[in-house]
Amino acid sequence: MSLAQPDACSEDRLLGGRVALRQPRQGLRAGLDAVMLAAAIPARPGETVLEGGCGSGAVFLCLLARLPGLRVIAVERDPELAALARENAARNGHAAAVEVLTGDIADPALRRAWPRCDHAFANPPYWPEGSAPPVPLRAGATHAGEGPGLEAWAAALAAPLRHRGSLTLVLPTARFSEGAAALRDVGCGEVSLFPLWPRAGRESRRALLRGRRGGRGPDGIAPGMVLHDGQGWSAAAEAVLGGGEALPWR
């Protein structure tokens, strides 16, 4: 289904209504991962950030809602999703701050057009193989298939980073070791893990992973965040999901 059809997309809101997002009804829908990834970027106003595989733009829009003084370079290989990300940037008042490039993250020609960046981030296809979902847009977001794997994503995102710039990924914790190895292989050390715990005492299934370009310090594990408490979100999670606060992660 073309995203231009009237019923192909839904109109949604993130960060307690601060972000207006038009996104495909079928495919990988923006939610917890997008908001948490945006809250993990240690950027400051005036810096340049790079997002790989931006989809409809949920992550960079949540980041800009918190830090409106950024310059955003975003890459999306699906032309319709790239157009949707540009549309969403404009409807949220960020058209002048956002440049969405259409192409594959691993394309050397595309990478040569990127400026030097202070931070890079992505929610990459987290499974290398296996049974992909039947919806093409969702399958492309969750399974690498014949496309670039974690190593290629890390290499592409690290290439334009300044010294000490951060590279942040959101991944299933089952791929933590592979993600950490990919970061180290491209010169992003001081790897830090920020687990997202579904409830206190439960095993983490999703985590954020960050490395620093040229970092030589020790690796570490942050306390992370418990997402649910009782029948709803925990107070810490609600501060991020509804209030747009940054994660407590140094």
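**A walk outward from strand β4**

Five bridges tie β4 to strand β5 (residues 98–102), and the two strands run parallel. One of the pairings to look for puts A74 with V100, its bridge partner in β5. To get from β4 to β5 the chain goes through helix α3 (residues 79–91), and this β-α-β crossover is right-handed. Keep in mind as you look around that this is a predicted model.

Now turn to the pairing of β4 with strand β3 (residues 48–52). Here too the strands run parallel, joined by five bridges, and L50 sits opposite I73 of β4. The connection is made by helix α2 (residues 58–66): β3, α2 and β4 form a right-handed β-α-β unit. As for β4 itself, which covers residues 71–76, five of its six residues are buried, so the strand is largely enclosed by the rest of the structure.

That brings us to the nonpolar interior. The largest nonpolar core counts 45 residues, and M36, F60, L208, M225 and L247 have the most contacts inside it. Among the elements that each supply at least two residues of this core are β4, α2, α3 and β5, along with β2 (19–24), α1 (32–40), β8 (188–197) and α8 (235–241). L208 is a good place to zoom in: leaving aside residues up to four places away in sequence, L208 touches M36, L37, A40, L169, V170, S192, L193, F194, L247 and W249. There is also a second, separate core of 29 residues, which includes A158, L183, V191 and A207. In soluble globular proteins, nonpolar side chains tend to be buried together.

For a partly exposed spot, try R111 in helix α4 (residues 108–111). Its relative accessible area is 27%, which falls between the 20% limit for buried and the 50% limit for exposed, so R111 counts as partly exposed. Not counting residues up to four places away in sequence, its contacts are I105, A106, A155, A156 and A159. G149 lies 38 residues from R111 in sequence, with 16 Å between their C-alpha atoms.

Finally, step back to the whole chain, with its eight helices and 13 strands. Its radius of gyration is 17 Å, close to the 18 Å that the globule rule gives for 250 residues, so the chain is as compact as a globular protein of that length. Of the 250 residues, 50% count as buried. Among contacts between residues at least 6 apart in sequence, 69% join residues at least 24 apart. On the outside, the chain exposes about 11,300 Å², with carbon and sulfur atoms supplying 51% of it.

Notes. Residues are numbered from 1 along each chain as its sequence is written. This is a predicted model: local features need pLDDT of at least 70, side-chain atom pairs count only at pLDDT 80 or more; totals for chains, interfaces and linings use all residues. Side-chain values use heavy atoms; hydrogens and water are left out. Helices (H or I, at least four residues) and strands (E, at least two) are DSSP runs, numbered from the N terminus. Buried means under 20% relative accessible area, exposed over 50%, partly exposed in between (1.4 Å probe, protein chains only). Contact means heavy atoms within 4.5 Å. Two strands pair if DSSP finds at least two bridges between them. A crossover is right-handed if, with the strands pointing away from the viewer, the path from the first strand over the helix to the second runs clockwise. A nonpolar core is a set of buried Ala, Val, Leu, Ile, Met, Phe, Trp, Tyr and Cys residues joined through side-chain atoms within 4.5 Å. The radius of gyration is taken over C-alpha atoms; the globule rule is 2.2 Å times the number of residues to the power 0.38. Accessible areas come from the Shrake-Rupley method with a 1.4 Å probe; for residues, only the protein chains shown count as cover.
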